[in-house]
Amino acid sequence: MIKAPAKKTSNVYTSFFNRAIAGFLLFDETLNLIDFNKMASRMLRIRRENALGMNLTKFSSSINGLDLHERFLKVVKTGRSMTLKNVATDISGGKRILNVHAFKAETGLGIVVVDMTRLNNVIDEFNLLLYKLSHDLRSPNSAIRGLVNAARLDVKEEYTFYEYLSLINKEAHKLDAILKELSRTVEIKVGTIVINRISVHEFAKEVIENLSGMPDFSNLKIDTNILSSRPFFCHKHALLTIFQNLIENAIKYRKKNATNSHLFITITDEKKGLQIIFKDNGIGIQNDTLPHIFKMFFRGTNQSKGAGLGLFTVRNSVRALKGKISVESKEGVGTCFTVYIPSAIDSGQNSEVSSVKSLTK
Amino acid sequence: MKNVLLVDDDEIFNLLNTKSIQRVGIPAHIHTATNGKQAIDLINEYFQGTSILPDIILLDLNMPIMDGFSFIEAFRSIPLPMVKLVKIVIVTSSDNPEDIVRARELGIDKFMTKPVTDSDLALILSGLN
C-alpha cells in the first residue's frame with residue numbers, strides 16, 4: 001500500500017503539484033485514487049471531497065473510449081509504463097486531445113495527463129496552411145508554364161509576344177502577392193512581440209505613404225481623423241499589418257466604377273488602449289459570407305485575388321496584441337471594422353474576435 | 001460544333017484553354033465562367049434557353065463562392081435528362097489524392113493537372129460523341 005505524499009515534504013512540493021499545467025493522479029495497487037492535483041481536477045471534472053478513494057473505473061469514462069482499466073492494471077503488474085493519446089469530450093461538447101502517461105509508482109499507479117488540444121489545433125492549422133499554400137503557389141506557376149508554352153506555339157508577331165510577356169508578368173505578381181501575404185502571416189505567428197512607442201499621427205501617415213505605390217491606391221480617398229493625443233505602446237509591426245491589410249481590402253473591394261470610393265480611419269484614445277475604425281463605402285460583404293471572413297484561406301468573392309490570408313492575418317495580429325476586432329457590413333453599402341488594441345504597458349485581457357454582424361442602413 | 005464550358009476563377013487558365021482549343025483546330029463554341037455559381041447561372045440562362053447543354057465542362061476545384069465539387073452537385077440536380085451525358089473534366093493545380101477520390105465518388109473519372117497541354121485537350125475533345 002502506498003501513501004499520499006507526506007505533508008512535511010512540502011510547501012514546495014504542493015506548490016509544484018498544484019501549479020503544474022499537467023494533471024497528476026496517484027492510485028493505489030487496486031487503482032483507488034489517493035491524490036491528484038488541481039489541473040487533474042479541472043481536466044477530469046472531479047472534486048477532492050468525492051473523488052478520493054474512488055476507483056479508476058468510476059471516472060475513467062471521462063478519459064476513455066478504450067478499456068483503460070485493464071491496461072492500467074497491467075502497468076501496475078509489469079512495471080512497464082504506457083503512453084496513449086486519448087480523445088475526450090469536454091462540457092461544451094468540444095473535442096479535447098489528452099496525452100495520458102501511466103507508470104508504476106511504488107506499488108500503485110501514477111498518471112500524468114497533458115491537454116494537447118491547443119497544440120493539436122495549431123498542428124491542424126499548420127497542416128492546412130501547408131496544404132493550401134502548396135496549391136496556391138502552384139497555380140500561378142502552372143499559369144506561367146502554360147503561358148510560356150502557348151507563347152512558343154502562338155507567337156508569330158511582336159505584339160503577341162509582348163501580350164504573353166505581360167500576362168506572365170501578371171502571374172509573377174500574383175505569386176509575389178501570395179508570398180507577401182504568407183510572410184505577413186508567418187511573421188505574426190512566429191515573430192517575437194516587441195513593444196514600441198508609437199506616435200499615432202506619424203504612424204498613420206507612414207502606413208498610408210507606404211501603401212501609396214499600391215495599384216489603384218489613387219482610386220480610394222483615405223481620410224484620417226486622429227483624436228488620439230498620447231503616445232501608444234504596442235508591437236508596431238503587428239499594428240502595421242492590421243492597417244496594411246484593412247486599407248488594402250478597402251482598395252480591393254471598392255465599387256469598381258465608383259468615383260467617390262473612400263475610407264475613413266478614425267483613431268481615438270480609449271481608457272486603456274486605442275480604438276481604430278476603418279469604415280468604407282465599398283462593395284460590402286454578403287450576410288452568409290460575413291461569419292467566415294476571418295478564416296484561413298477564405299475568399300468571399302471573385303475580387304479576392306490573393307491567397308485568402310489577409311483577414312486571417314489581421315485576426316492573428318489582433319490576437320497577438322491582445323485586442324478585439326469586430327465587423328459590420330452591408331452588401332452594396334460598405335464595411336466597418338472596429339479594432340481595439342490595449343496599450344502593451346498594462347494589457348492583461350484575453351483577445352477575441354468579438355462580433356460579426358450586419359450593418360443596417 | 002462542340003459546346004465547351006470552361007470554369008476557373010483564374011481567367012488566365014480560361015484564356016489558355018481557349019487558345020489551346022483553337023490551336024488543336026476542333027470547332028467549338030467556348031463559354032467561360034469564373035466560379036461554380038456563375039457557371040450554373042450561365043447554364044440556366046443560356047444553355048437552357050437554347051435547349052442544349054455543354055458537351056464538356058473543364059472544371060477547376062478551388063474557387064471562391066462555389067467550388068468545383070459544389071458545382072458538380074448543383075449541376076447534377078438540374079432536372080434535365082441530358083445532364084448525365086455532359087462530360088466533366090476536373091482541371092486543377094492540386095493533385096491531392098482526397099480530391100481524386102471525392103471526384104470519383106461523384107462519377108468524375110477524368111482529372112487533369114494544370115497546365116493542360118494541346119494534346120490532352122485534343123484527346124478529350126476528339127473523344128466526345
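A nonpolar patch of about 290 Å² lies on the surface of chain A, made by Phe161(A), Tyr162(A) and Leu165(A). The structure is a predicted model. Phe161(A) belongs to helix H7, which spans residues 158–190 of chain A. Its relative accessibility is 38%, and because the partly exposed class lies between the limits of 20% and 50%, Phe161(A) counts as partly exposed.

A second helix of chain A, H5, shows how burial can be divided between two sides. Helix H5 covers residues 68–78, and Leu68(A), Phe72(A), Val75(A) and Val76(A) are its buried members named here. These residues span an arc of only 95° around the axis, and therefore they lie on the same side of H5(A). The general geometry of helices fits this arrangement: an α-helix has 3.6 residues a turn, so residues three or four places apart point the same way. On the other side of H5(A), Lys74(A) and Lys77(A) are exposed. Just after the helix comes Gly79(A), which takes a positive phi of about 80°.

Val76(A) deserves a separate look. This residue of helix H5 in chain A has a relative accessible area of 9%, and because buried means under 20%, Val76(A) is classed as buried. The C-alpha atom of Val76(A) is separated by 6.0 Å from that of Leu109(A), although the two residues are 33 apart along the chain.

The strands of chain A come next. Strand S5 of chain A comprises residues 108–115 and pairs with strand S1(A) in the antiparallel sense, over five bridges. Within this pairing, Leu26(A) stands opposite Gly110(A) of S5(A). Strand S1(A) also pairs with strand S2(A), residues 33–36, again in the antiparallel sense but over three bridges. Here the bridge partner of Leu26(A) is Asp35(A) in S2(A). S1(A) and S2(A) together form a hairpin in which five residues lie between the strands, and Leu31(A) in the turn has a positive phi of about 65°.

How much of strand S1(A) is covered? S1(A) runs from residue 23 to residue 27, and five of its five residues are buried. Gly23(A), Leu25(A) and Phe27(A) are buried on one side, while Phe24(A) and Leu26(A) are buried on the other, and both faces of the strand are thus covered. In a regular strand the side chains alternate between the two faces of the sheet.

Chain B has five helices and five strands. Along the sequence they follow the pattern β-α-β-α-β-α-β-α-β-α. The chain has 129 residues, of which 50% are buried.

The sheet of chain B is open and has five strands in the order S2-S1-S3-S4-S5, with parallel pairing. Its edge strands are S2 (28–33) and S5 (110–113) of chain B, each of which pairs on one side only. Neighbouring strands of this sheet are turned against each other by 20° on average, direction ignored. At the S5(B) edge, strand S4(B), residues 87–92, pairs with S5(B) in the parallel sense over four bridges. In this region Thr92(B) stands opposite Thr113(B) of S5(B).

Conventions. Residues are numbered from 1 along each chain as its sequence is written. Chains are lettered from A and ligands numbered from 1 in the order in which they are written. This is a predicted model: local features need pLDDT of at least 70, side-chain atom pairs count only at pLDDT 80 or more; totals for chains, interfaces and linings use all residues. Side-chain values use heavy atoms; hydrogens and water are left out. Two strands pair if DSSP finds at least two bridges between them. Axes are lines fitted to C-alpha atoms, for helices over the stretch in contact, and angles run from 0 to 180 degrees between N-to-C directions. Buried means under 20% relative accessible area, exposed over 50%, partly exposed in between (1.4 Å probe, protein chains only). The arc is that of the directions from the helix axis to the C-beta atoms. Patches are made of residues with over 30% relative accessible area and no salt bridge: like charges are joined within 9 Å, nonpolar side chains (Val, Leu, Ile, Met, Phe, Trp, Tyr) within 5 Å. Accessible areas come from the Shrake-Rupley method with a 1.4 Å probe; for residues, only the protein chains shown count as cover. A salt bridge is a side-chain nitrogen of Lys or Arg within 4 Å of a carboxyl oxygen of Asp or Glu.
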